[in-house]
Amino acid sequence: MPRFRGIKVGEIRDQATQRQKIVDPKRTVDPACMEALCVAQETGTLTAFDRFAAQQPQCGFGLTGICCRICVQGPCRITAKSDANKKGVCGASDYTIVGRNVARMIAGGAACHSEHGHHIAKTLLHIAEGKVKDYTITDTAKLRAVAETVGIDTTGRSDNEIAKSVALAALEDYHKVGDTPCTWLMSTITPGRRAKFTHCDIAPSTIDRAIVQIMTQTAMGMDADPVNIIFGALRTALADYTGMHIATDLSDIVFGTPRPVVTEANLGVLDPEYVNIATHGHNPTLSEMVVQAARALEPEAKRAQAKGIKVVGICCTGNELLMRKGVALAGNQATQELAIMTGVLDAMIVDIQCIMPGLKPLSECFHTRFITTSEQAKIPASYHFDFREENALEIAKDMVRLAIEGYKSRDQSKIKVSKHKSRVVAGWSFEAMKDLFAGLNPDRPVKVLTDAIVEGKIRGVCLFAGCNNLRIPQDESHLTIAKTLAANDVFMLATGCAAGAFAKAGLMSSAAVDAYAGEGLKSFLKDLEAKADLGHELPLIFHMGSCVDNVRAFDLCVAMALELGVDIPKVPFAASAPEDMHEKAVSIGSWCVAMGLPVHVGVVPPIEGSELIYGLVTQIAHDVYGGHFMFEQDPKRAAELIIEALDYRTWKLGVHRYASKKYETTLAVNW
Ligand code: BF8
Ligand code: SF4
C-alpha cells in the first residue's frame, strides 16, 4: 500500500517564521482590536501584543522542544555542536526529550478539559440528588439520548434517577477500579476506532489514570522510547476526548442543547449606555448564573441611570452563552485585554482557563471590576468570589452589583467604543445540524452531507478549532484559510477562538456565503436554507460551540463514517487549528490524529528538535491511525494542504464506491 504523502508534509519547516523581529506590535486583522491597540499605544498601556514583541527573539531550544527541565540537573539543552552536547546529562536523546515534553503538554490539555467535565458531572449529580436549587435539568430528551448511548437503562425511570446514573457513569470515567476502557470514549466512536484503540492498547481506562500514567512515563529515568512515549501521549489525548464529551453532553443536559440563534460579535457589542459585564473563561455553570442574575437586577441598573445590563462573552464561556442564549461575543482570546481598553466594560467575571494574569493590572488603569471565581484560578489583588453551586445565583447577583457600582465610576475621558460588530448565525449543535439536513432527507439526514461530497458538490468538511497565538497577526490565518476553503467548496465548522475569529469578521452570516462561497458550496447551502424553517439565513461557517464542543463536530464525523460505511480515516473530513496556542489545542489535535483525521496546525508546537518525533506525528501516525499532523504557518499553503487531504479521501472513496457498484460487491474498506 503506498504511503500517503501530502505536499511538504513530513518536511521540517524552517525556524525563521518562529523567531521574529517585530517592529510594530499591533498585529491584528480585526479592525476593532486595531483601534484598541492604537489607544493602548497612544496611552502607553501595555498589552500581550507588546509583551510578545518584548519576548523576541525567543529561545530556539524552547521553540524546538530540546530543552529538558524534567529533573533538577537540567535544564539540559541538546545541540549537535559536540558529542557530549547531543544528549542530556542522563543520556536522554532529542527524541526522548521532545517526546516527553509534548506528552506533558497533552497531559496539561487533557487535565484542563477533563476538570471542566468533572465539574459539570458533579453539578448534574447534585441536581439529581436535590442538593442545588439554582440549576435544573433543562434538556430531558438529551438526558435520555446520552443515557442510551452510554448503556444506561431509561425505561420506567424518572429524570432524576437517570441523571444520577449518567453523572455516576461519567464520574466512573475519571476514577474506578478495573481496567475496562472509558465508557464515553468507546460508546461514541466507530467500531473501527474501537478495534484500533484496543489493538494498539491506547484506550484509557480512566481519565485520571491516563494523566497519572503519562506523567510517570515521562519522568526522569522512565520511558526513553519515542514511539512508546507518543502512544502513551495518544492515550492521554483520548482521555482528553472523553472528558470533553462528558463536558458537552452534560452541559447540554443541564443548560440545554443549542439550537440556531442570531446574535452579534466583536467589541462593538459593548454598549456605553448599559452596564457591561464580560464573562470570560470556560465553564457555563458560572456564566449561565451571571446571565440570570443580570436579568434579575435590571431595575437596580436602571436606578443607576443605565438603560439596563448587557452581558457579553469572551473566549469559550462566551461561545457557550452565544450558542445557548444568543449572548453577543465581545471577542476571542487575544481580544480579552482590549475589551477593557474600551473604557465601558464595568466588570469582567472570569472562571477557568485562558485568562491572562495581565488582565488585573490592566483593569486597574480603568474602572473595570476584575472578578475571579475559581479556587483554581486566582489572580492577586482581584475581587474574588468563592463561587459554589449551592448558592450560585446569590453570588452571581453580588458580582453583578459590583458591575453596577463600576458603571457609576466610569472615567468618561477613557471611553473609546468601537463601532465594529458583525451579524452571527450560530447554535449548531450536532442535533441542530441533523435537523437542518433533515429538511432534505428526514430519514437519513447525514446522507445529505455525504451525498454532496460523493457527488462532487462540496469537497469535504473542515473543522476549525483552536486559539489566537500572537506569533501570527490575530485572526489573519483563520480568515485567509477559511476564505480559500470557501472558494474551493469546503463545508466548514468552527469552535473555540477560531469560531470567535469568524464570528467577529462576519463569516457566520449569509453575506459571507454570497461573498466567498464557491458555486458548489453556495448551491448546497441555498438548498439547505430553502428547506430549513429557521426564519433566518444560513451562515458560511457553522459555529459548533466552545473548545470542549469539538466533540459535537466529531460526532458529525462519526455519523458521516457510519453513513458512508467506512471508518474515520476514509471520511473527507479535516481539522485545522491555524493559531493554536494552549496545551488544550495540542491535546485536541492529537486525539483528532488518533481518530484518523488530517490535522493542520498553524503554529508548530515544540517538536522540531527531533526529526524522529516530527516524522512520527506527520507520517507514521498516518500509517498506524490514518490521521496525521500537517504543520504549516503560511495560510495559503495550509489551505492547499487541507484541500489536498480532503481530495485524496474523496477520490479514494469515489474509486471504491464505483468499483463496488460496478462489480456489485460490498464496499472494500481496507484501503
Ligand atoms: O478552550 S480556543 S484560546 S479560549 S484553548 Fe483558550 Fe484556545 Fe480559545 Fe477556549 Ni480553547
Ligand atoms: Fe537533563 Fe535528563 Fe534531567 Fe532532562 S531528565 S533535565 S535530560 S538530566
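Trainee: Where is P57 found?
Mentor: P57 sits in a loop, with helix 2 (48-54) on one side and helix 3 (60-64) on the other. Keep in mind that this is a predicted model.

Trainee: Which residue is joined to P57 by a cis peptide bond, and what is omega?
Mentor: Q56 is the partner, and omega is about -10 degrees. P75 has a cis bond as well: it is joined to G74 with omega about 5 degrees. P75 lies in the loop between strand 1 (67-68) and strand 2 (76-77).

Trainee: What makes SG of C547 a donor to the nickel atom of ligand 1?
Mentor: SG is a sulfur atom 2.1 Å from the nickel. The cut-off for this metal is 2.8 Å, so SG counts. C547 is the single donor from the protein. C547 belongs to the loop between strand 13 (541-545) and helix 23 (550-564).

Trainee: Why is the nickel site called irregular?
Mentor: The four donor atoms make angles of 95 to 141 degrees. A tetrahedral site needs all angles between 85 and 135 degrees, so 141 rules that out. A square planar site needs opposite donors over 155 degrees apart, so that fails too. Anything else is irregular, and therefore this site is.

Trainee: How do you know that H282 makes a polar contact with ligand 1?
Mentor: A polar side-chain atom of H282 lies 2.6 Å from an oxygen atom of the ligand. The limit is 3.5 Å, so the pair counts. K584 passes as well, with a polar side-chain atom 3.0 Å from a ligand oxygen.

Trainee: How is the shell around ligand 1 split by class?
Mentor: Seven residues are nonpolar, four are polar and one is charged. Among the residues around the ligand are C315, C316, C354, M581 and K584. Cys and Met count as nonpolar, and Lys counts as charged.

Trainee: What makes one residue around ligand 2 charged?
Mentor: R100 is in that shell. Arg counts as charged, so R100 fills that place. The shell also has six nonpolar and three polar residues. C68, C71, C76 and C90 are among its members.

Trainee: Why is Q353 counted as buried?
Mentor: Its relative accessibility is 14%. Buried means under 20%, so Q353 qualifies. Q353 lies in the loop between strand 7 (347-350) and helix 15 (359-364). Its phi is near 70 degrees, a positive value in a residue other than glycine.

Trainee: T154: buried or exposed?
Mentor: Buried: 9% is under the 20% limit. T154 is in the loop between helix 5 (140-149) and helix 6 (159-172). Its C-alpha atom is separated by 9.6 Å from that of L143, eleven residues apart along the chain.

Trainee: And why is E664 called exposed?
Mentor: Its relative accessible area is 74%, and exposed means over 50%. E664 comes in the segment after helix 26 (635-662). There E664 takes a positive phi of about 50 degrees.

Trainee: How do you know that the span of helix 26 agrees with expectation?
Mentor: The helix has 28 residues. At 1.5 Å a residue, it should span 40 Å. The end C-alpha atoms are 40 Å apart, so the two values agree.

Trainee: What makes the pair D634 and K636 a polar contact at the start of helix 26?
Mentor: A side-chain oxygen of D634 reaches to within 2.8 Å of the backbone nitrogen of K636. The limit is 3.5 Å, so the distance passes.

Notes. Residues are numbered from 1 along each chain as its sequence is written. Chains are lettered from A and ligands numbered from 1 in the order in which they are written. This is a predicted model: local features need pLDDT of at least 70, side-chain atom pairs count only at pLDDT 80 or more; totals for chains, interfaces and linings use all residues. Side-chain values use heavy atoms; hydrogens and water are left out. Donors are N, O and S atoms within 2.8 Å of the metal (3.2 Å for Na, K and Ca); water is not among the atoms, so sites may look incomplete. Four donors count as tetrahedral if all angles lie between 85 and 135 degrees; four count as square planar and six as octahedral if opposite donors are over 155 degrees apart and all others between 65 and 115; anything else is irregular. Helices (H or I, at least four residues) and strands (E, at least two) are DSSP runs, numbered from the N terminus. Buried means under 20% relative accessible area, exposed over 50%, partly exposed in between (1.4 Å probe, protein chains only). The expected span of a helix is 1.5 Å times one less than its number of residues. A polar contact is a pair of N or O atoms within 3.5 Å; within protein, one must be able to donate a hydrogen and the other to accept it, and residues adjacent in sequence count only if both atoms are side-chain atoms. A residue is near a molecule or strand if one of its heavy atoms lies within 4 Å of it.
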